[in-house]
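Here are my notes on the model you sent over. They start with the chain as a whole, move on to the cores, and finish at the ligand.

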Amino acid sequence: MDETGKLFIGGSRNPDDSLNKAEYLDLKFGNRHGLITGATGTGKTVTLQILAEGFSRAGVPVFAADIKGDLSGVAAKGEPKDFLAKRAEQIGFADYDFEQFPVIFWDLFGEKGHRVRTTIAEMGPLLLSRLMDASEPQEGVINIAFKIADKAGLPLLDLKDFASLLNYMAENSGELSSQFGLISKTSVASIQRGLLVLEQQGAEHFFGEPALKISDIMRTANNGYGQISVLAADKLMMNPRLYATFLLWLLSELFEELPEVGDPDKPKLVFFFDEAHLLFNDAPKVLTERVEQVVRLIRSKGVGVYFVTQNPLDVPETVLAQLGNRVQHALRAYTPREQKAVRTAADTFRPNPAFDCAEAITNLGTGEALVSTLEGKGAPSMVERTLVRPPSGRIGALTDQERQAVIDKSPVLGLYDEDVDRESAFEILAARAKQAADAAAAKKAQDELQTAPSAGSGETGGWTLPGFGTGGDDGGSDRGRAQPRRTGYQRETVVEAAMKSVARTVATQVGRALVRGILGSLKR
Ligand SMILES: Nc1ncnc2c1ncn2[C@@H]1O[C@H](COP(=O)(O)OP(=O)(O)OP(=O)(O)O)[C@@H](O)[C@H]1O
Ligand SMILES: [Mg+2]
């Protein structure tokens, strides 16, 4: 049923229950994002699966979090079942067949897939603060920590790097505060406690090297199918903040790394954000705004983002407005909040005179949904009551053995499975501390020999950090060696840049006034 350039979603029905027409997602609008919503057990995961399968078949790589493990079945050929055959028949799906899809399993904890890591530096201060649920003063200290690391050439790769930097900051807070702004010892201490909590939650697995390369989630298989990256998220979900921060980081990485492509024939990657409410739950306003911005801008990089959640009210309106392709499964409408959700969901569709949208939403069966996709020049199609097609891969989880077999044949096998512990802040600071202690001892010995005090001997007037000696000493060479492959904190991620832009507003306004003045004078 897949037509060229189109992904088959299912068959819509007339009010008398007869088949109306096939419903498609136009691949050229695949980067215009989407939304899958519905109460529990209504068919969201299966819908996610048939969309992932359709994109893969069209050669589009997919990234999706697997909250309950049931999406893993997409790696296995589906098995004939009566209810699947019946559904296929209801929607006139004559060439329905089973097949397996190329899957790469990922897991932050390395248990159910290849390890996914990033470095502290690449995550950046904003997301790290969010991960630690930092208060404003703590966030200030985290920002200072990144500045110090940047200035002193200290690679922040893993949690112990960050912990040793914090120790160093606490020990030298007086001197550092005068250069970087107030470093309160109380805030440092609470961040240190926060790091311990993160470690206990298993986040230490996530920070380190080798860091995930975006190109590895954008692979296609030998048969031309897009690889479906399935992130094991069952354990990850126990720490919702880590889950949300990780996916946000990935999204901002994609945004940073991918070139502009305008509006391609089909997406370069499709990203499914399951349990999307976790992204927005008690997120600070500035973060929500940035997510909105990333979602808006990432489209021109050819990335489609599909939010999956129970309730459309989970997604802020500004983000909701950008989601062009929509599949709305059944919602309950008992409580006032539920009724509001139904109305909101109904109001976002282009109405169909054949039925009442709000009423339909509460009456939809399992695997049935209101569907509207972008068509023509990018306008939403009239909403249709649609029976979603049955998947070609298996519905339900792989066994452990099946999963292991997929992992053993994976195209990224061996690339991420071992930790690499490069020299970084932790080692450098330990070495520096020793060096500083040795130097202090030597200087003391020298001072005792000399009668006249040497005024500022060795001071070049250059910038120094406590314990780091003056610039241009022998530290220079190993600093160079220790530079990270990519210094993520120098290269601003969108989220960071956005954060800074808030602080920068005042300066920019002055700048603009200047420019305007210059133009004005030219005109005259
Ligand atoms: N398109 C479909 N074709 C055939 N069967 C379907 C379809 N969609 C859903 N089903 C049936 O409904 C069951 C539940 O669907 P699914 O797991 O997708 O619900 P869900 O909304 O993801 O639930 P939860 O919120 O609990 O994760 C499936 O296991 C399957 O048996
Ligand atoms: Mg589900």
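1. Burial first: the chain has 524 residues, and 52% of them count as buried. Keep in mind that this is a predicted model. The accessible surface of the chain is about 23600 Å², with carbon and sulfur atoms making up 53% of it.

2. On secondary structure, I get 17 helices and 14 strands in the chain. If you take the contacts with a separation of 6 or more, 77% of them join residues that are 24 or more positions apart.

3. Now the inside. In soluble globular proteins, nonpolar side chains tend to be buried together. Here the largest nonpolar core has 87 residues, and Phe162 and Phe307 are the ones with the most contacts inside it. Which helix gives the most to this core? That would be helix 8, residues 240-257, which puts in ten residues.

4. Phe162 deserves a look of its own in your viewer. Leaving out residues up to four places away in sequence, Phe162 touches Ile120, Leu128, Ile142, Ala145, Phe146, Leu156, Ile191 and Leu195. There is also a second core, separate from the one around Phe162, with 34 residues; Ala52, Val62, Phe272 and Val388 are among them.

5. On to the ligand. There are 17 residues around ligand 1, and those that come nearest are Thr40, Gly41, Thr45, Val46 and Lys68. Sorted by class, the shell has six nonpolar, seven polar and four charged residues.

6. What do the oxygen atoms of ligand 1 find on the backbone? A polar backbone atom of Gly41 sits 2.8 Å from an oxygen atom of the ligand. For Val46, a backbone N or O atom is 2.9 Å from a ligand oxygen, and for Gly43 the distance from a polar backbone atom to a ligand oxygen is 3.0 Å. On its own, ligand 1 has 630 Å² of accessible area, and the protein covers 80% of that.

7. Last, where the shell comes from. Two elements give two or more residues to the shell around ligand 1: helix 1 (44-57) and helix 2 (82-90). Helix 1 gives the most, with three residues. If you are setting up a view of the site, Gly41, one of the residues that come nearest to the ligand, and helix 1, the top contributor to the shell, are the places I would start.

Terms used. Residues are numbered from 1 along each chain as its sequence is written. Chains are lettered from A and ligands numbered from 1 in the order in which they are written. This is a predicted model: local features need pLDDT of at least 70, side-chain atom pairs count only at pLDDT 80 or more; totals for chains, interfaces and linings use all residues. Side-chain values use heavy atoms; hydrogens and water are left out. A residue is near a molecule or strand if one of its heavy atoms lies within 4 Å of it. A polar contact is a pair of N or O atoms within 3.5 Å; within protein, one must be able to donate a hydrogen and the other to accept it, and residues adjacent in sequence count only if both atoms are side-chain atoms. Accessible areas come from the Shrake-Rupley method with a 1.4 Å probe; for residues, only the protein chains shown count as cover. Helices (H or I, at least four residues) and strands (E, at least two) are DSSP runs, numbered from the N terminus. Ala, Val, Leu, Ile, Met, Phe, Trp, Tyr, Cys and Pro count as nonpolar, Asp, Glu, Lys and Arg as charged, and the others, Gly among them, as polar. Buried means under 20% relative accessible area, exposed over 50%, partly exposed in between (1.4 Å probe, protein chains only). Contact means heavy atoms within 4.5 Å. A nonpolar core is a set of buried Ala, Val, Leu, Ile, Met, Phe, Trp, Tyr and Cys residues joined through side-chain atoms within 4.5 Å.
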